[in-house]
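Here's a walk through one protein model, going from its inside spaces out to its sheets. Have the viewer open so you can click along.

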Amino acid sequence: MSISSAPFQWEAGIGSGVRRNSTLICASTSAESVEEMVFEMVKGKELGADLVEARLDFLNDFHPTQHLPSLINNRPLPILITYRPIWEGGEYDGDESQRQDALRLAIELGSEFVDVELKVADEFYKSIGGKKAESVKIIVSSHNLESTPSVEEIGNLAARIQATGADVVKIATTALDITDCARLFQVLVHSQVPMIGIAMGEKGFISRVLCAKFGGFLTFGSIEAGAISAPGQTTIKELLDLYNFRQIGVGTKVHGVIGNPIGHSKSPHLYNPAFKSVGFDGIYLPLLIDNVSDFLNTYSSPDFVGYSYTIPHKQNGLRCCDEVDPIAKAIGAISCMIKRPNDGRLIGYNFDYLGAIAAIEERLHLQDSNGRSISGCSPLYGKLFVVMGAGGAGKALAYGGKEKGARVVVANRTYAKAKELATKVGGEAITLSELESFHPEQGMILANTTSVGMKPKIDLTPIPKEALKHYSLVFDAIYTPKLTRLLREAQETGAAIVYGTEMFINQAFMQFEMFTKLPAPKQHMRDVLARNT
């Protein structure tokens with residue numbers, strides 16, 4: 001996808017403060033009473049929104065002549081009146097002429113913006129006969145609740161909307177894949193009129209943030225988490241505080257964490273504040289991806305520059321690299337991908353094993369007052385090191401254990417995968433079901449790289465508590481929650497524990513420096529992570 005400078009930008013003169021884009025944040029209210037809606041509008045202003053959307057179709061017992069003056073006269077910010085009918089994905093299921101009467105009344109009362117659906121736009125414009133104050137802008141909207149059409153179809157749709165006389169074009173589609181957002185971006189960036197382009201749903205999330213980079217007129221934000229008016233909507237607070245929305249510019253470099261699922265990831269909470277703290281013009285997003293190759297081919301622009309990889313795409317990512325660091329190649333998985341600026345080639349790295357092994361070694365040093373042996377070996381040297389899982393992280397830990405001189409045992413649900421990895425690192429292979437009775441010696445080291453015990457299934461554990469008494473140290477790569485059931489039960493049996501957050505933060509320092517070419521603000525990143533775990 002090619003990116004050019006954002007063209008014409010709508011100037012509404014709304015809001016204040018230093019911005020690197022003119023995209024407005026609209027607080028969407030879906031309260032059920034006028035009083036509650038006014039309260040939410042005030043809250044939206046306090047949170048930093050530029051305007052508010054009043055969704056009349058969510059109101060109970062709504063009487064336009066009684067309630068619209070109250071809403072419009074008590075607005076703390078410019079207001080967008082939306083009265084969405086059920087046939088366009090809204091809640092209103094009444095008489096169409098009465099609905100349009102309410103929209104005409106909103107215009108007469110001086111609402112700054114009124115949303116009119118494309119299906120009835122010509123009819124609506126004829127009914128007002130040009131009797132509209134210049135200060136009132138009509139947004140003509142189209143909502144596709146099933147999919148995202150082709151670029152050509154979206155472009156044609158935008159032209160149809162513009163031909164109605166719309167002041168602002170709004171196209172909302174449904175993202176079935178994250179690549180669908182790119183089609184909206186292409187139309188947005190070339191639009192010569194004010195345009196709102198949003199892909200709904202979790203896979204369309206990036207369209208709600210990156211619209212600021214591609215010249216979108218506005219994005220919607222909810223006032224509170226969970227109180228959304230459309231699928232995939234984020235909060236105003238997250239837009240401003242987490243994604244630094246005001247600071248996104250045409251040249252902002254895009255990074256993200258590639259995984260599926262991805263909602264649990266703390267990475268955006270770590271990298272975005274770190275970028276901001278050093279003045280780096282970048283953004284870091286959660287990227288819910290089904291097919292890594294499709295994503296990379298679609299977002300091939302020079303501004304999409306770096307990615308972290310998590311479950312289940314560490315090995316898929318490696319297959320998409322143009323070049324792979326020798327360590328990552330030996331492990332057979334990547335945790336980080338960088339687009340080289342001079343030639344656009346994708347380079348894969350694996351920092352997981354460095355982050356995890358460093359954390360385990362540090363804890364073993366604390367545990368063993370003698371520290372390193374006289375030969376200067378790692379405290380893992382000679383230890384029996386049991387790795388649960390043979391995926392990307394499992395490979396990283398097994399490889400790291402081998403490098404440090406540990407005797408590696410790989411335990412996996414399927415024996416064949418365990419055997420394949422164990423052979424590569426000169427170790428043993430067993431199944432996870434055999435692990436319960438596996439205790440050839442005391443003082444072993446256990447590392448869990450499976451997803452068993454991760455949110456939301458925090459009551460699960462990959463190994464019975466009784467079996468943990470044979471281990472002197474237990475590490476869990478999971479960091480949501482920080483204290484997993486596995487770690488809690490290991491503590492109770494007297495083992496030392498290492499949190500997944502330690503692996504996470506150590507490799508994050510390395511990735512930050514790869515992304516920015518700047519020293520990582522380590523203490524700042526540790527403080528941020530502590531607040532978010």
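## Who lines the smaller hole

Helix H15, residues 415-424, is the top contributor to the lining of the second largest cavity, giving four residues. Keep in mind that this is a predicted model. The full lining is made up of Ala390, Lys395, Lys417, Glu420, Leu421 and Lys424. Sort those by class and you get four charged residues, two nonpolar ones and no polar ones.

How much volume does the second largest cavity have? About 30 Å³. With the cut-off set at 30 Å³ or more, the structure holds two cavities. In general, a probe the size of a water molecule is rolled over the atoms to show where empty space is left.

## The protein as a whole

Zooming out, the protein has 533 residues, and 57% of them are buried. Its C-alpha trace spans about 90 × 50 × 40 Å along the principal axes. On the secondary structure side, you're looking at 19 helices and 21 strands.

## The nine-stranded sheet

Nine strands make up an open sheet with parallel pairing, and they line up in the order E7-E6-E5-E4-E3-E2-E1-E8-E9. Why do strand E7 (195-200) and strand E9 (234-235) each have one side without a neighbour in the sheet? They stand at the edges and each has a single partner strand, so there is nothing in the sheet to flank the other side.

Over toward the E7 end of that order, strand E5 (residues 137-143) and strand E6 (residues 168-174) pair in parallel through five bridges. If you want a spot to click on, Val140 has Val169 in E6 as its bridge partner.

## Strand E3 and its neighbours

Strand E3 covers residues 79-82, with Ile79 and Ile81 pointing one way and Leu80 and Thr82 the other. That fits the usual pattern: side chains in a regular strand alternate between the two faces of the sheet. Are these E3 residues buried or exposed? All of them are buried.

E3 has a partner on each side in the sheet order, E4 and E2. Strand E2 (residues 51-55) runs parallel to E3, and four bridges join them; in one of these pairings, Val52 has Ile79 as its partner in E3. With strand E4 (residues 113-117), E3 also pairs in the parallel sense, this time over two bridges. There, Ile81 sits opposite Val114 in E4.

Helices link these strands into units, too. E2, helix H2 (residues 64-73) and E3 form a right-handed β-α-β unit. E3 then goes on to form another right-handed β-α-β unit with helix H3 (residues 96-108) and E4.

## The six-stranded sheet

There's also an open sheet of six strands, paired in parallel and ordered E18-E17-E16-E19-E20-E21. Its edge strands are E18 (428-431) and E21 (496-498), each pairing on one side only. From one strand to the next, the twist averages 20°.

Inside this sheet, strand E19 (residues 444-448) and strand E20 (residues 471-476) run parallel and are joined by five bridges. One pair to look up is Leu446 with Val474, its bridge partner in E20.

Definitions and conventions
Residues numbered from 1 in each chain as written. Predicted model: local features only at pLDDT ≥ 70, side-chain atom pairs only at ≥ 80, totals over all residues. Heavy atoms only, no water. 1 Å grid on protein atoms, 1.4 Å probe; cavity = no way out; pocket = protein on both sides within 12 Å on 5 of 7 lines; lining within 4 Å. Points joined across faces, edges and corners; volume = space filled by probe spheres on them. Nonpolar A, V, L, I, M, F, W, Y, C, P; charged D, E, K, R; others polar. Buried < 20%, exposed > 50% of the residue type's maximum accessible area, 1.4 Å probe, protein only. Pairing = 2+ DSSP bridges. Right-handed = clockwise from strand over helix to strand, strands pointing away. Axes fitted to C-alpha atoms, helices over the stretch in contact; angles between N-to-C directions.
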